[in-house]
Each structure stands twice: as C-alpha cells, then as structure tokens.
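Visitor: I have a structure here and would love a guided look at it. Could you walk me through a few of its features?

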Amino acid sequence: MRGSRWVWSAAALLAIGGGVYWWARDRAENQASATASGAALPAGPRYESAHYRATSTATPEQTRAVLAAAEALHAAYLQAFDLKDEAGRAKHQLVLYGDRAQFRANNRSSAWAEAYYLAPTCYAYYAEGVANPYHWMVHEATHQLNHELAVLKPAKWVNEGLASYFGASRLEGGHLRPGTIDPDTYPIWWLGELGLSGDPEADIRQGRIVALRTLIAGTDRADLNRRFNQYYIGYWSLTHFLFHYEDGKYAAGFRALIRDGGTRADFERRIGPVETIQREWYDYLQEVAGGGEATLVRPIPPPRADAAR
Ligand SMILES: [Zn+2]
C-alpha cells in the first residue's frame, strides 16, 4: 500500500505540477496549443450540473458523483471567499475518463500526468476502488475556480496551497468541509511520514521540510521536482495554517495576500516576518502531523468577521 502510494502520489504530484505549469502559461497560447493538438474530449455522453458541464466515459453514477463533488467545491469556494454565484456564466468544463488507461491515451499534459487543468477544462479519470475518488478533480477544479471565477493570478504556493487545501477536505453529506482533513487524499497521506524533530532549522537542513522562504519564492523548480511531497505538504499546511491558526488570526491577511498574488513582500506585509511565521507554522504542522487535527477542524472565519479584525 505504501509502495503503491509512493508511485501514485509521485505521478500525481507531477501531474499537478504539470497542470500548474500549463495553467501558468499565457492563456491564449494554451488555447492555441489546445486547438492545434485537437480535441481531447472522449466521445462520451455529456452531463450537466448547476455549474459544470462534463464529458465522461465513466459510468453515469461515477460521473454524477464527481459532478456532485465539484458542485460541493463550488459552494464551499463561494462561501470561503464571499463571492457571488455566477449567474448566466458558461459552465465550467470537466472531462472525466472512465479509467487511467483512457486518460493516458488522451493525455495532453506531461506524460506522467494523472490529472490537470488546461484552461478552460479540467481532466481527470475516475479512480475505482479508492476511498476518495474525487480529490484529484477537486484539486484541479480549484485551480479552475482560481482562474475562471476568482480571476486570481496567484503565486505557485498560493495556487497549489488552495487546490491542495480544498482537495484534501472531507466531503460529508454532499458538502465539502474546508479545513477538515481527509486522510485518503494527497498530500495528507504523507503527513505521517514527515518525522519532524521539533527543530525547524534542523529539519530544513536535513530536507524533511521546505523552508518557508523557499516555498514562497518558488523559484527552484529542480528542487521541487526532487522532493515534491515536501513541497506539497508545505503548500497544504501553510494554507491550512493561514486560514485556521489561532481561530483564524491570519485569515483576513491571507485573503488579502491571495488577491495580492503572494510574493514574499506581500507575505511580510500581510502576515508577518517569514522567520517568525515559520516557527508558528512549523509548530502547527507538527501538531497536525501528530494527529492533532481534531482540534483544528473549525470553519474558516467568515470574511466579514475577518474584516472586523
Ligand atoms: Zn495543483
């Protein structure tokens, strides 16, 4: 199980990276390249929900389940950012393949991709027989909402942090509960492997975690490719920390930071000095990794409450 998770998460993470790579490229160029390489839509039936249009070769039941997860994300996302629903807007596009082989045969991202967002469409396959078959699509659909609904131009750590945060949240009774932690999602299944020592500087030196300034700078792509699990644990946990630490102490600043983009200067203006925050974030990560998430699962403070701070 652990071995297969290694392989799966490695491939998937690279896929996520690939998705972001594409996402970050000029949109016009994306669309031109998509047109040039032909349609990747499988010749499957079309499905619609309130905000999504899916082409799918998965079963109707599987497709409806993924659409329901996407709708749950959409509702949670609007609420988290106090956004208005998109009246009259074209529906967001999803492509769901019935299995991995079909996805790979039609893949237009990197060869190792497991899911990706190539504007304006999210591509994923239905993962049969796993506890959470939706989280890759929820991850990619968050990139889609960042781009198409919130119209953000976030730094990589913000974009991946939000996608990982929503993608790793629990889906309960048809609702996505942001900030709850589903252990059957990427990168959460790596939390137990961190082996943190209690000394952040030592753990950074020994490569157990990525330093906060490195995570925010996001300039060392070779380093990211070498140890992407540590980066994604960093993206996810930093986002969770910024929304929920001390009853949402930094949530208002984080919302502003998301709008700013997320440079180190933005971070220090909106949140605080990187070296100080690193210590708080590290302690928080250690608590979550130690199974302390039960104490952390509180709703994101609503934006209006933030504004009063
Ligand atoms: Zn991603």
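Visitor: Is Glu 246 buried or exposed?
Guide: Do bear in mind that this is a predicted model. Glu 246 belongs to helix H10, residues 228–248, and its phi is positive, about 45 degrees, although the residue is not a glycine. A residue counts as exposed with 12 or fewer C-beta neighbours within 10 Å. Glu 246 has 10 C-beta neighbours inside 10 Å, so it counts as exposed.

Visitor: Val 151 has a positive phi too. Where is Val 151 found, and is it buried or exposed?
Guide: Phi of Val 151 is near 55 degrees, and this residue is likewise not a glycine. Val 151 sits in the loop that runs between H5 and helix H6 (156–167). With 8 C-beta neighbours inside 10 Å, Val 151 counts as exposed.

Visitor: Now the sheet, please. Which strands stand at its edges?
Guide: Five strands form an open sheet with mixed pairing, in the order S1-S2-S3-S5-S4. An edge strand here has a single partner strand, so one of its sides is left without a neighbour in the sheet. That description fits S1 (46–48) and S4 (116–118).

Visitor: In what sense do S1 and S2 pair, and which residue in S2 does Glu 48 stand opposite?
Guide: Strands of a sheet pair through backbone hydrogen bonds, either parallel or antiparallel. For S1 and S2 (residues 52–56) the sense is antiparallel, over three bridges. The residue in S2 opposite Glu 48 is Arg 53.

Visitor: Which strands does H3 lie across, and which does H5 lie across?
Guide: H3 runs at about 150 degrees to S2 and lies across S1, S2 and S3 (92–97). H5 runs at about 175 degrees to S5 (121–125), and the strands it lies across are S3, S4 and S5.

Visitor: How are H3 and H5 oriented to each other?
Guide: Helix H3 (residues 60–81) and helix H5 (residues 135–148) have axes 10 Å apart and pack at an angle of about 45 degrees. Angles from 35 to 65 degrees lie outside the parallel and perpendicular ranges. H3 and H5 are therefore oblique.

Visitor: What classes of residue make the contact of H3 with H5?
Guide: H3 contributes Val 66, Ala 69, Ala 70, Leu 73, His 74 and Tyr 77, while H5 brings Met 137, Val 138, Ala 141, Thr 142 and Leu 145. By class, the contact has nine nonpolar, two polar and no charged residues.

Visitor: And H5 with H6: what is the handedness of that crossing, and what classes of residue make the contact?
Guide: The axes of H5 and H6 come within 8 Å and cross at roughly 140 degrees, which makes H5 oblique to H6. H5 passes H6 in a right-handed crossing. Among the contact residues are His 135, His 139 and Asn 146 of H5 and Asn 159, Ser 164 and Gly 167 of H6. By class, this contact has four nonpolar, eight polar and no charged residues.

Visitor: One last stop: where do cis peptide bonds lead into Pro 120 and Pro 187?
Guide: The bond from Ala 119 to Pro 120 is cis, with omega near 10 degrees, and the one joining Tyr 186 and Pro 187 is cis with omega about 0 degrees. Pro 120 is in the loop between S4 and S5. Pro 187 lies in the loop between strand S7 (175–177) and helix H7 (200–205).

Methods. Residues are numbered from 1 along each chain as its sequence is written. This is a predicted model: local features need pLDDT of at least 70, side-chain atom pairs count only at pLDDT 80 or more; totals for chains, interfaces and linings use all residues. Axes are lines fitted to C-alpha atoms, for helices over the stretch in contact, and angles run from 0 to 180 degrees between N-to-C directions. Helices (H or I, at least four residues) and strands (E, at least two) are DSSP runs, numbered from the N terminus. Angles under 35 degrees count as roughly parallel, over 145 as roughly antiparallel, 65 to 115 as roughly perpendicular and the rest as oblique. Two residues are in contact if their C-beta atoms, placed from the backbone, lie within 7 Å. Ala, Val, Leu, Ile, Met, Phe, Trp, Tyr, Cys and Pro count as nonpolar, Asp, Glu, Lys and Arg as charged, and the others, Gly among them, as polar. Two strands pair if DSSP finds at least two bridges between them. A residue is buried if 20 or more other C-beta atoms lie within 10 Å of its own, exposed if 12 or fewer, and partly exposed in between; C-beta atoms are placed from the backbone. A crossing is left-handed if the near helix is turned anticlockwise from the far one by less than a right angle, and right-handed if clockwise.
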